[in-house]
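Hi,

Here's the structure I said I'd pass on to you. Have a look at it first, and then read on for what turned up.

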Amino acid sequence: MILPIRNYNENINFKANKSNVAQEAEFDKDTLLKNNLSTRARIGLDKVTKAFTIYPAKGITGSINSNFYEFLTMGTMPYLVGSATLMAVFNSANKYFNHNAKFKASQLGNKMALGVLFYGLFKEMSKSFVNLPVRLRTGIDTEIPYAKVNYLLQNSPEDYNLTSIEYHKVGESVDFPRWDQLYGNPQKGESLNFRYDKIAKKIGLGENLKDSDQDVKPVYKEVLVKSKLAKSISSFLWAATGVALAFQDSWSNYFNVATFKFWKGRDFTDSIKAFGKSFVEASKSLWNGGADAVTKFEKHSGKALIGVAALSTVLGVLNTLNLSKKPNKCATGEKVLDPKKESVVG
C-alpha cells in the first residue's frame, strides 16, 4: 500500500514496503499557474530551499537525474552567500574598533546591507514596470509561470513513478514558447482558444476569429523579445537606483531604532514607522542631492539616475507595444471592401 503523503514537489521517495517505491507529486502534469505574489513567493522559496539542500546533494552524489535547471537554480547560492558576506564584512569586526571607528563602520555596514537588499528588490520589482502595462495593453503576460513535471530515471530497480517539479515561464524560450499551456481545457468548460481570443481582441485583431492562436503567436513572440530587452536594461538601472537610495544619510534614523524582534510589539512597530519615514527622506535626498551636495553633479546625479531608469522603462514599454507582426486585415477575415460603396471588378 502506498501511503498518502503529499510531497511538496521533489524526488524524495516514500517507501510503503520493501519492493515498491513511489512518489506523489503536487502536479500530475505540466500546469499553468497564476502570476500573483503568492505564487511567485512560493516558487522563490522552493528554489532557494532546494538550491541549498536537494540540488547540491544530487550533484555531489552524481545523481543521473541532476540536470541543467538545477544547476542554474543553484546560482542563487553564491549570490546569497556573497550578499551575506558583504553585509557582515564591516559589522562583524566592529567590536575590535574604537568608538568613533565603530560608529563609522556600523553606518557603512548597515548601508551595504540595505544596498544589497534594495538591489535585489528593485531589480525584481522593476520587471513589473514593463510587464504590467504590456499585459494591460496586449493581454500578454510575459512572466506567467507553469509547473513542469519531470519523470525521473530509476535509481534502483525497485523505483517507479519518480517525478520532480520544475518552475518555468511560458515565454522562457522565445523560439519555443509553451503554446500548449495557453490553450483552454474543454473539460473545465473553457474554449480551446479563449486566452488567444482575449489577446486577439486586446491587440485589435478582432473577435470570433477562426484561428486566433495562429494570428496571435507571431505577435506573442515579438512581445516576448522586446519585453525581455526592456526588462534587461531597465532592471539593472532600477537596481542601481536602489543601491543609491540605500546609501543616503537619511537612513541613520532608522538604523538607530531598527529591530526584527517582532515579539517586541512596540519596538517593532516603531521600527517599521521609522523605516517608512527614512525611505521618504532618503528618496528626497537622492532626488535633491542631500544637504552635503555642493557641485552640480552631486545635486543632479540622483535625478539623472532616476530619470534614466524611468526613461528606459517608458521607452522599453513603448517599443514593446509597437507591434509589427500583426496579421493584415485580409488574414484576420476583416472586410476590406465596403459593400455600400461602388466597386469595379476587373
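Which elements each supply at least two residues of the lining of the second largest pocket? They are β3 (31-32) and α6 (194-202). Before the rest, some housekeeping. This is a predicted model, so local features need pLDDT of at least 70 and side-chain atom pairs count only at pLDDT 80 or more, while totals for chains, interfaces and linings use all residues. Residues are numbered from 1 along each chain as its sequence is written, and side-chain values use heavy atoms, with hydrogens and water left out. The helix and strand names are DSSP runs numbered from the N terminus (helices are H or I, at least four residues; strands are E, at least two).

**Pockets**

A pocket is found on a 1 Å grid over the protein atoms alone: it is an open set of points where a 1.4 Å probe fits, with protein on both sides within 12 Å along at least five of seven lines, and its lining residues have an atom within 4 Å of a point. Its volume is the space filled by probe spheres set on the points, which are joined across faces, edges and corners.

Back to that second largest pocket: it holds about 780 Å³ of space. Of its 28 lining residues, Leu32, Ile144, Gln181, Phe194 and Arg195 lie nearest the centre. Helix α6 gives the most to this lining, with 5 residues. By type, the lining has 10 nonpolar, 6 polar and 12 charged residues (nonpolar: Ala, Val, Leu, Ile, Met, Phe, Trp, Tyr, Cys and Pro; charged: Asp, Glu, Lys and Arg; polar: the others, Gly among them).

The largest pocket has about 2,000 Å³ of space. It is lined by 44 residues, and Gly44, Lys47, Glu124, Lys127 and Lys169 are the closest to its centre. The largest share of that lining, 13 residues, comes from α5. Here the split is 18 nonpolar, 15 polar and 11 charged.

**Strands**

Strand β4 (residues 145-151) is mostly covered, with 5 of its 7 residues buried (buried is under 20% relative accessible area, exposed over 50%, partly exposed in between, with a 1.4 Å probe and protein chains only). Two strands pair if DSSP finds at least two bridges between them. β4 is antiparallel to β3, over 2 bridges, and also runs antiparallel to β5, with 7 bridges. To find these in the viewer, try Thr31 with its partner Ala147 in β4, then Pro145 with its partner Lys169 in β5.

**Aromatic rings**

Rings of Phe, Tyr and Trp (its six-membered ring) pair if their centres lie within 6.5 Å; planes under 30 degrees apart are stacked, over 60 edge-to-face, and the rest tilted. That rule gives 14 aromatic pairs. Take Phe118 and Phe122: their centres are 5.6 Å apart and their planes at 35 degrees, so the pair is tilted. Both sit in helix α5 (residues 99-138), 4 residues apart, about one turn of the helix. Phe118 is buried at 4% relative accessibility, and Phe122 is buried at 17%.

Trp251 and Phe275 also make a tilted pair, because their centres are 5.3 Å apart and their planes at 45 degrees. Trp251 lies in the loop between α7 (212-246) and α8 (252-257) and Phe275 in helix α9 (residues 265-288), so the pair ties together parts 24 residues apart in sequence. Trp251 is buried at 0%, whereas Phe275 is partly exposed at 29%. Ring pairs link these four with Tyr254, Phe255 and Phe279 into a cluster.

Cheers
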